[in-house]
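Reader: I'm new to reading protein structures. Could you walk me through this one, feature by feature?

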Amino acid sequence: MNKILAIDTSCDDSSAAIVDGQTVLSNVVASQNQIHKEFGGVFPTLAKQAHKENLEPAIHLAIKNAQIDWTKIDAIAITVGPGLAPALEVGINKTKELALKYNKKIIAINHIEAHALSPLAISKKLKNNEKKTNPTIKLPSLAVVISGGHSEFILIDKIGHYQKIGKTIDDAAGECLDKVGRLLNLGYPAGPLMEKFAKKGRAGKFIFPKAMTSHDNFDLSFSGLKTSARNLIENLEKKNKLDKQTIYDLALALQETVFEQITYKLERILLSPNLMNREYPKRDFLRHLKKGQAPLTEINEIWLGGGVSANISLRKAIRKLLSKYYKLSGKKIELKVPYSKKLCGDNAAMIGLVAGFKYSRGEFANAKDLDRKPNFEI
Ligand code: KG4
Ligand code: ZN
């Protein structure tokens with residue numbers, strides 16, 4: 001296959017990786033969490049500065065860890081968007097510089113496409129295991145990308161051909177967890193600690209309203225939930241009732257509400273009578289649905305990606321939904337998740353993975369046209 005050096009500087013992680021087809025040979029992520037912690041979010045000018053310092057060492061390490069040298073690299077893949085413009089710029093400039101210096105082809109990558117395909121990455125440790133190196137892909141699949149910047153449902157009938165059928169109309173799921181987490185002093189990003197705290201929470205102590213259930217579409221919304229959580233926390237603080245156990249209970253309730261909304265819409269997607277036309281299932285029909293009567297969806301696999309996909313409760317909730325759908329329809333749908341936590345969050349290996357597909361289709365970029373696309377849509 002072709003060996004690709006991949007770079008991602010879309011947000012607050014400087015990452016470089018070497019990928020060979022679907023196999024990840026190295027994946028270096030220099031996190032900036034410590035820098036942005038005190039702001040409770042990413043500070044763009046500081047992110048740019050840190051990328052400038054961290055990117056080159058990350059590239060060197062990625063090449064070293066993959067045990068190759070520049071002569072073995074066929075192309076450089078770079079995230080052009082979406083993301084923070086000053087941050088994207090650092091990676092793009094470095095790519096242009098290296099492509100010129102070493103005479104390499106450039107491949108421009110959409111960061112969301114990379115999260116969407118991240119469950120297809122294969123660890124180099126499994127390289128010689130035939131069964132696992134050639135995981136069959138049964139298309140069409142539905143990519144569920146749940147991160148700090150995005151929450152999207154993407155229908156994939158072939159790799160490189162995408163139809164976005166639903167997305168958040170305001171905050172992303174991870175953003176909601178991070179913002180409420182900040183009010184609870186969980187640090188930044190709050191998602192991982194929220195998951196830990198939720199495990200100690202008592203079910204049913206707090207109930208948040210479920211959003212978007214009255215909207216006949218596959219979109220999501222998390223800003224209302226953020227506001228109700230904020231009001232509740234302020235109230236508890238005033239009454240001096242925000243003790244440790246209450247924070248655990250809140251973490252559980254918040255996480256569950258976020259994930260319930262995702263699985264609620266996912267269920268409607270599976271039960272859609274015509275997904276290509278984004279037809280929403282009728283409410284009456286859903287209520288009276290019996291075993292074996294559900295329409296057969298064209299979706300064969302669900303690919304879960306993005307930072308929040310590391311969360312075990314979210315994976316469990318989706319698996320539960322898929323076994324319910326199996327009972328209703330007789331159709332088995334497989335859930336694919338990235339093989340490591342590192343591959344869930346921002347990382348360059350997923351960029352290299354998409355680049356491998358683009359390489360085989362001959363989709364290269366011109367250095368002079370390469371530019372940032374902060375609002376790049378899939
Ligand atoms: O994909 P990512 O690294 O960056 C974006 O492209 O946005 O996602 C980061 C998001 C953050 O909101 C973070 O809190 C969340 O993923 N996250 C988690 C977990 N690990 C990271 N959320 C819930 N549970 C986790 N274990
Ligand atoms: Zn991301």
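Author: Let's start with pockets, keeping in mind that this is a predicted model. The largest pocket is the space taken by ligand 1.

Reader: Which residues come nearest to ligand 1?

Author: A handy way to look at a binding site is to list the shell of residues around the ligand. Here 20 residues surround ligand 1, and Gly148, Gly149, Asp178, Glu195 and Gly307 come nearest. Sorted by class, the shell has 6 nonpolar, 11 polar and 3 charged residues.

Reader: Which helices supply at least two residues of the shell each?

Author: Look for α4 (111–117), α6 (173–183) and α7 (191–199); each of them gives at least two residues to the shell around ligand 1.

Reader: And why does ligand 1 lie between domain 1 and domain 2?

Author: Check who contributes to the shell. Domain 1 (3–121 + 345–369) and domain 2 (141–336) both give residues to it, so ligand 1 lies between the two.

Reader: How do I read the polar contacts of ligand 1?

Author: Look for pairs of N or O atoms within 3.5 Å. Aspartate 178 has a polar side-chain atom 2.7 Å from an oxygen atom of ligand 1. Glycine 148 uses its backbone instead: an N or O atom there lies 2.8 Å from a ligand 1 oxygen. With histidine 115, the distance from a side-chain N or O atom to an oxygen of ligand 1 is 3.3 Å.

Reader: How much of ligand 1 does the protein bury?

Author: For burial, take the ligand alone and then see what the protein covers. Ligand 1 exposes 560 Å² by itself, and the protein buries 87% of that.

Reader: Okay, on to the backbone. Which peptide bonds are cis?

Author: Omega is the angle to check. The bond from glycine 81 to proline 82 is cis, with omega near -10°. That proline sits in the loop between β4 (75–81) and α3 (85–102). The bond from leucine 139 to proline 140 is cis too, with omega near -5°. You'll find proline 140 in the loop between α5 (130–133) and β7 (141–146).

Reader: What about phi? Where does glutamine 67 lie?

Author: Phi is another backbone angle, and its sign is worth a look. Glutamine 67 isn't a glycine, yet its phi is positive, about 55°. This glutamine lies in the loop between α2 (44–65) and β4.

Methods
Residues numbered from 1 in each chain as written. Chains lettered and ligands numbered in written order. Predicted model: local features only at pLDDT ≥ 70, side-chain atom pairs only at ≥ 80, totals over all residues. Heavy atoms only, no water. Near = heavy atom within 4 Å. Polar contact = N/O pair within 3.5 Å; in protein donor to acceptor, adjacent residues only side chain to side chain. Areas by Shrake-Rupley, 256 points an atom, 1.4 Å probe, with all protein chains shown as cover. 1 Å grid on protein atoms, 1.4 Å probe; cavity = no way out; pocket = protein on both sides within 12 Å on 5 of 7 lines; lining within 4 Å. Sits in = over half its atoms within 2 Å of the grid points. Helix = DSSP H or I, 4+ residues; strand = E, 2+ residues; numbered from the N terminus. Nonpolar A, V, L, I, M, F, W, Y, C, P; charged D, E, K, R; others polar. Domains from an automatic or database assignment.
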